[in-house]
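Please read the following explanation alongside the sequence and the coordinates. It goes through a few local features in turn.

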Amino acid sequence: MPINFPEPHNPLAPAVADVNKDGKLDILVANAESGSATAPSGSLSVFFGNGDATVQSEHYYVGAPFSSNAVVAVDVDNDGWLDAVTVDGQTNLASTNGSISVYRNLGVSAPGRFGMLTSFTTGAPGSIHLCAGDFNQDGFVDIATTSVVTNNVSILLNDGAGNFSASSPLISISATGGVQSSIACRDLDGDNDPDIVVTSPSSARLSILINQGNASFAPPVAYANSQNGQTAGIAFGDADGDGKLDIFSNGAAGAYLFVFKGAGNGTVASGVGSSTGASAVANSALGVVASDFNGDGKFDAYILVTTTTGGVRPMTGSGTGTFTAGTLVTTGSSPGLNAIAIADLNVDGYDDLILTNKGSSTLTIVPNGL
């Protein structure tokens, strides 16, 4: 049964981490305070977890210069405490560069509470998504962001004190436009350097950028899917049991789950589609997560759906890379622009679902009932 918690700041995307070091997972949410061209702003909400799939009252931090579209929890200054980094950008300000905002964890003096943010330019407008990793092997966490206005990836390097500068030039990836474009960082070729995966909804592609170990990346290699349909969210897991990491993406406007089978060397096969049983509806699917949700030792998936009632669609894995759609789990009013994450919030050994619901101004937790 979904559990809703008030989140009145236009929530867009969640992240999960133990930011106050109490052994319980907390939830961070990036907010779009205003999409106005004249007065854009963003913010960060933090909900301390109780360890039972419920959360405490919101802690709220303002000051981001644009809509905060996504967030990660990383230790930017190597002090042993997880900080928060949001990506801030407006698609309606095509000539104004986006930013990342860094909120420092106050640590011992106030565990899990954050100080005033510091913002750094991404070097590109329309900055919507981000991921984190040490891209240049210096021991410090860097940030990558996508621009859905200029079809670029920005690499922001950390000086070790939590200050970031955008490297040049930007990395061009064709047709990354649209708010459903996503970015993720993961080592795909086994060299311990994080590579980058980007989806391009308008061109029905998934692109991989292999890290060269020095914050530079090989030219993007694009992969199509079986339906020549939109790709949107990104998740990782071994879908076919061969011990190699595969990439999941939802797409074709909610009608398919695609699996791009990994070879273990940074390449993948074209995406193979499993039907969700739903009709293709524009903007009906914004995200995907993957885990063994039913405890049978095989990866499953959930796709976020933004039709009238909103909800998540379970996709049960066969263990061979194909999936069977289940009945939509409704979550209330339509989430609109939102996202989905997973974590074991009640410590029962199975991942639960976390959704941001802009339409109803709520943070929604769906405990795993197997």
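Is C131 buried or exposed? The model is a predicted one, and in it C131 has a relative accessibility of 6%. Burial requires a relative accessible area under 20%, so C131 counts as buried.

C131 has a bonding partner. Its sulfur atom lies 1.9 Å from that of C185, and the two residues form a disulfide. The cut-off for such a pair is 2.5 Å between the sulfur atoms, and by this rule the structure has one disulfide. A disulfide is a covalent bond that joins the sulfur atoms of two cysteines. The link of C131 and C185 is right-handed, with 55° about the S-S bond. C131 belongs to strand β10, residues 127-133, while C185 belongs to strand β15, residues 183-186, so the pair ties together parts that are 54 residues apart in sequence. Like its partner, C185 is buried; its relative accessible area is 16%, against 6% for C131.

The loop that runs between β14 (171-172) and β15 contains S181. What is the relative accessible area of S181? The value is 0%, so S181 is buried. A longer-range reference for this residue is D246: the two are 65 residues apart along the chain, and their C-alpha atoms are separated by 19 Å.

Another part of the model is a sheet. Four strands make up this open sheet, in the order β6-β7-β8-β9, with antiparallel pairing. Its edges are β6 (68-74) and β9 (118-125); each has a single partner strand, so one side of each is left without a neighbour in the sheet. On average, and with direction ignored, neighbouring strands of this sheet are turned by 20° against each other. For the edge strand β9, the partner is β8, residues 97-103, and these two pair in the antiparallel sense over five bridges. Within this pairing, S99 stands opposite T121 in β9.

The last feature is an enclosed space. How many cavities of 30 Å³ or more does the structure hold? There is one, and the largest cavity contains about 30 Å³ of space. Its lining is formed by L25, I27, G49, N50, G51, A53, T54, V55, L345 and I365. By residue class, the lining of the largest cavity comprises six nonpolar residues, four polar ones and no charged ones.

Notes: Residues are numbered from 1 along each chain as its sequence is written. This is a predicted model: local features need pLDDT of at least 70, side-chain atom pairs count only at pLDDT 80 or more; totals for chains, interfaces and linings use all residues. Side-chain values use heavy atoms; hydrogens and water are left out. Buried means under 20% relative accessible area, exposed over 50%, partly exposed in between (1.4 Å probe, protein chains only). On a 1 Å grid over the protein atoms alone, a cavity is a set of points where a 1.4 Å probe fits but cannot get out, and a pocket is an open set with protein on both sides within 12 Å along at least five of seven lines; lining residues have an atom within 4 Å of a point. Grid points are joined across faces, edges and corners, and a volume is the space filled by probe spheres set on the points. Ala, Val, Leu, Ile, Met, Phe, Trp, Tyr, Cys and Pro count as nonpolar, Asp, Glu, Lys and Arg as charged, and the others, Gly among them, as polar. Two strands pair if DSSP finds at least two bridges between them. Axes are lines fitted to C-alpha atoms, for helices over the stretch in contact, and angles run from 0 to 180 degrees between N-to-C directions.
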